[in-house]
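Good morning, and thank you for the time on today's agenda. I would like to take you through one structure, beginning with its charged pairs and ending with its helix packing.

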Amino acid sequence: MTDELYREWLEARRRISPPETLADQIMQAAERQGAELPVDWRRRLVCRMENSPAARWAFCGSALAVGCLPFLFLAHFAKLVSF
Amino acid sequence: MEVEDRELIDRVLAGQTEEFRVLVNRYQQPVFRFVHGLLNHHEDACDVVQDVFLAAFTKLSTYSQARGTFSTWLYTIARNRSLNELKKKGPTPYDALAMFPDSATIDEFSRREFAQELDRALAELPMEQRAAFMLVEIEQLSYAEAANIESTSLGTIKSRIHRAKRRLRTLLAPLVKEVR
């Protein structure tokens, strides 16, 4: 009998829930503080790329452009030194 | 599919603060249960839980998965904040939980009485035994997780729970005789 009552008590304890408005209160307070939270631009970039194909294209395009720069420079320089 | 905690944390740190709501919804109930068990006061528990999530939000960049799961980290903050609250206010009077309906039969009455006595006995446990008992018996965490949250060894957690159960049994002994 007491074991059963003990188990019932444990179950009842596990059913305790916070008020429904608590999550909203937390989020309101968090949003107020959110403006002061420093944003990590690297994480922001990774998140943008994960969520948006356009961001992935833009990032790959930029990387390609930057990667091509030395070759463009070399080509330009080769013109200057050619006889 | 459920998004992993780590991914949600990364999104929040990247400026998507609304994603924090998913973490709040995921963990508010266990954290509230734990804090409520430590403080024995509904309103104080709400305040402390809000404080816990705000602290987690502002210090999110310091969280490291190497030290444990996000829930373990939240429980650790909750434990520390609850301790501070108890130090500030002193032990709060026992706040009976309405677990059973008012229209109770004799059997329900004895059940309710038993549950209330267990609540009272839990509230009378020393803080470290109560915290260990809440984490392992109510929250059903492993001994290792509880030891991590309490910053102590596995052996100490086991011994705290053993002592807590023994103490509960002693405190309930008169009632157990009545029930039998």
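How many salt bridges does the rule count over all chains? The count comes to 15 salt bridges over all chains. Please bear in mind throughout that this is a predicted model.

One of these pairs is formed by B:Asp119 and A:Arg13, whose side chains meet at 2.9 Å, N to O. B:Asp119 belongs to helix α5 of chain B, residues 106-124, while A:Arg13 belongs to helix α1 of chain A, residues 2-14, so this salt bridge joins two chains. Across the interface of chain A and chain B, the rule finds 2 salt bridges. A salt bridge also links the side chains of B:Arg21 and A:Asp24, again with an N to O distance of 2.9 Å.

Let me now turn to the interface itself. Chain A contributes 35 residues to the contact, and chain B contributes 45 residues. Between the two chains, about 3800 Å² of area is buried, and carbon and sulfur atoms give 64% of that area. Which three residues supply the most of what chain A buries against chain B? They are A:Trp9, A:Arg13 and A:Arg14, which together supply 19% of that area, more than any other three residues. A:Arg13 thus appears here as well as in the salt bridge with B:Asp119.

I shall close with two helix pairs within chain B. Packed helices are described by the angle between their axes and the distance between the axes.

The first pair for us is α2(B), residues 20-39, and α6(B), residues 127-138, which pack at an angle of about 150° with axes 10 Å apart. An angle over 145 degrees counts as roughly antiparallel, and α2(B) and α6(B) are therefore described in that way. Their crossing is right-handed. On the α2(B) side the contact is made by B:Arg33, B:Phe34, B:Gly37, B:Leu38 and B:Leu39, and on the α6(B) side by B:Met127, B:Arg130, B:Ala131, B:Met134 and B:Leu135. These residues divide into 7 nonpolar, 1 polar and 2 charged.

The other pair is α3(B), residues 42-58, with α4(B), residues 70-89; here the angle is about 135° and the axes lie 9 Å apart. These two helices are therefore oblique to each other. α3(B) passes α4(B) in a right-handed crossing. Residues making this contact include B:Val48 and B:Phe53 of α3(B), and B:Trp73 and B:Ile77 of α4(B). The contact residues divide into 9 nonpolar, 1 polar and 5 charged.

Thank you for your attention.

Terms used
Residues numbered from 1 in each chain as written. Chains lettered and ligands numbered in written order. Predicted model: local features only at pLDDT ≥ 70, side-chain atom pairs only at ≥ 80, totals over all residues. Heavy atoms only, no water. Axes fitted to C-alpha atoms, helices over the stretch in contact; angles between N-to-C directions. Helix = DSSP H or I, 4+ residues; strand = E, 2+ residues; numbered from the N terminus. Parallel < 35°, antiparallel > 145°, perpendicular 65-115°, else oblique. Left-handed = near helix turned anticlockwise from the far one by under 90°. Contact = heavy atoms within 4.5 Å. Nonpolar A, V, L, I, M, F, W, Y, C, P; charged D, E, K, R; others polar. Buried area = accessible area lost by both parts, 1.4 Å probe. Salt bridge = Lys/Arg side-chain N within 4 Å of Asp/Glu carboxyl O.
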